[in-house]
Structures are given as C-alpha cells and as structure tokens.
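Biologist: I would be grateful for a close look at a single part of this model, namely the site where the ligand is held. Please set it in the context of the chain before turning to the individual contacts.

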Amino acid sequence: MPSSDKARQAMLKLCKDTGNGEIIDFGSGWGHFVIAAAKTFPERKVTGYELSWVPYLTAYVLKLSFNLNNLTLKRADFLTAELSSNSVLVCYLFPGAMKAIAGKLATGQHQVSYLISNNFACPTLTPTKTLQLNDFYHSPVYLYRL
Ligand SMILES: C[S@@+](CC[C@H](N)C(=O)[O-])C[C@H]1O[C@@H](n2cnc3c(N)ncnc32)[C@H](O)[C@@H]1O
C-alpha cells in the first residue's frame with residue numbers, strides 16, 4: 001500500500017531539514033515516495049529497497065521514464081542494506097519491521113543521521129518531531145535524530 005499524498009508531503013517536508021545525505025526508503029513499493037523524493041531533491045542521492053518484483057519493476061520503469069539519475073532502486077531486503085554516513089532512512093512499514101530496524105540501528109554499525117517513519121513509531125527511540133496529518137486518523141509521521 002503506498003503512502004498517502006498527505007503522508008508523502010509530510011515526509012518530504014521533514015527530509016528538507018536533514019541536510020544533504022542520501023535518502024533511503026526501506027520498502028519503496030511502487031515508488032510513490034522515492035520518485036517524489038528524487039524529483040524534490042535532485043542534488044541528493046535517493047535509494048529504494050524493495051523485495052517484491054512487480055512493485056520494484058513498476059518503480060524502475062517510472063525512474064527511467066522520468067529520467068531520475070539520482071534514484072537507485074534495489075530489489076533486496078533492507079535489513080541487509082549497507083547505509084552511507086549521514087543517510088536518512090524513510091519508511092512506511094508495520095510494527096514488527098520497526099522493531100527489526102531498531103535492532104539494525106542499535107548495532108552501531110551504521111552512520112544514519114535521521115529516521116522518518118510514516119504512522120509507525122520506532123519502539124526504542126523518542127521522536128524529535130511528530131507531524132500529525134490532517135486525515136481521518138490524524139496519522140503521525142515521526143522524525144528521529146539519531
Ligand atoms: C506500505 S509499502 C510502502 C511503500 C512506499 N515506501 C511508500 O511510501 O509509498 C511497504 C513496502 O515494504 C516492502 N517490504 C517489506 N519488508 C521488506 C524488506 N525486508 N525489504 C525490502 N522491502 C520490504 C513491501 O514489499 C512493501 O512494498
């Protein structure tokens with residue numbers, strides 16, 4: 001399920017205050033967020049990890065048709081990702097995946113600067129900022145400074 005338009009706008013707004021590091025979408029799906037991010041931040045590297053073939057290939061076709069040279073799409077498990085220093089992780093997943101991401105970050109092997117999560121909190125971190133969407137559920141979008 002793609003992030004909603006409002007959630008995507010909130011995630012992009014939070015990305016604006018995270019410097020110039022790589023933006024990495026953990027579970028990039030059909031590409032809704034990564035395509036918007038690559039267009040909004042043409043000077044930044046944007047990477048999406050996605051396991052499912054059909055969404056991955058669809059996002060790949062969109063990347064080619066929009067000629068987004070700053071966007072890299074990997075059909076791989078994000079839990080195996082090597083993360084560049086100052087990178088910004090973005091995700092719209094589920095509670096179990098947030099726990100797994102917290103475990104990955106806790107290894108101390110990664111130089112991630114920020115985590116932005118649509119709807120699901122990271123169980124081990126306190127958000128620096130929380131945006132509430134103007135939707136039926138007042139859904140939260142969390143920013144964590146790591
Ligand atoms: C809710 S969708 C979010 C799509 C996109 N980030 C967006 O905002 O529109 C979550 C995606 O994460 C993918 N996913 C779940 N676990 C994954 C994993 N371990 N590695 C890579 N992708 C994964 C799923 O296949 C799904 O497409």
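Modeller: **The ligand site in its fold**

From the N terminus on, the elements of this predicted model follow the order α-β-α-β-α-β-β-α-β-β-β. The chain thus holds 4 helices and 7 strands. Its radius of gyration is 14 Å, close to the 15 Å that the globule rule gives for 146 residues, so the chain is as compact as a globular protein of that length. Along its principal axes, the C-alpha trace spans about 40 × 40 × 30 Å.

Within this fold, the ligand takes up the space of the second largest pocket. There are 18 residues around the ligand, and M1, S3, G27, E50 and D77 come nearest. Sorted by class, this shell consists of 9 nonpolar, 6 polar and 3 charged residues.

The polar contacts involve both side chains and backbone. An N or O atom in the side chain of E50 is 2.6 Å from an oxygen atom of the ligand. For D77, a polar side-chain atom lies 2.9 Å from a nitrogen atom of the ligand. At L51 the partner is a polar backbone atom, which is 3.4 Å from a nitrogen atom of the ligand. As for overall cover, the ligand taken alone exposes 610 Å², and the protein buries 83% of that area.

In this site, then, E50 and D77 appear twice: both are among the residues that come nearest to the ligand, and each places a polar side-chain atom by the ligand, E50 at 2.6 Å from an oxygen atom and D77 at 2.9 Å from a nitrogen atom.

Technical notes: Residues numbered from 1 in each chain as written. Predicted model: local features only at pLDDT ≥ 70, side-chain atom pairs only at ≥ 80, totals over all residues. Heavy atoms only, no water. Near = heavy atom within 4 Å. Polar contact = N/O pair within 3.5 Å; in protein donor to acceptor, adjacent residues only side chain to side chain. Areas by Shrake-Rupley, 256 points an atom, 1.4 Å probe, with all protein chains shown as cover. 1 Å grid on protein atoms, 1.4 Å probe; cavity = no way out; pocket = protein on both sides within 12 Å on 5 of 7 lines; lining within 4 Å. Sits in = over half its atoms within 2 Å of the grid points. Nonpolar A, V, L, I, M, F, W, Y, C, P; charged D, E, K, R; others polar. Helix = DSSP H or I, 4+ residues; strand = E, 2+ residues; numbered from the N terminus. Rg over C-alpha atoms; globule rule 2.2 N^0.38 Å.
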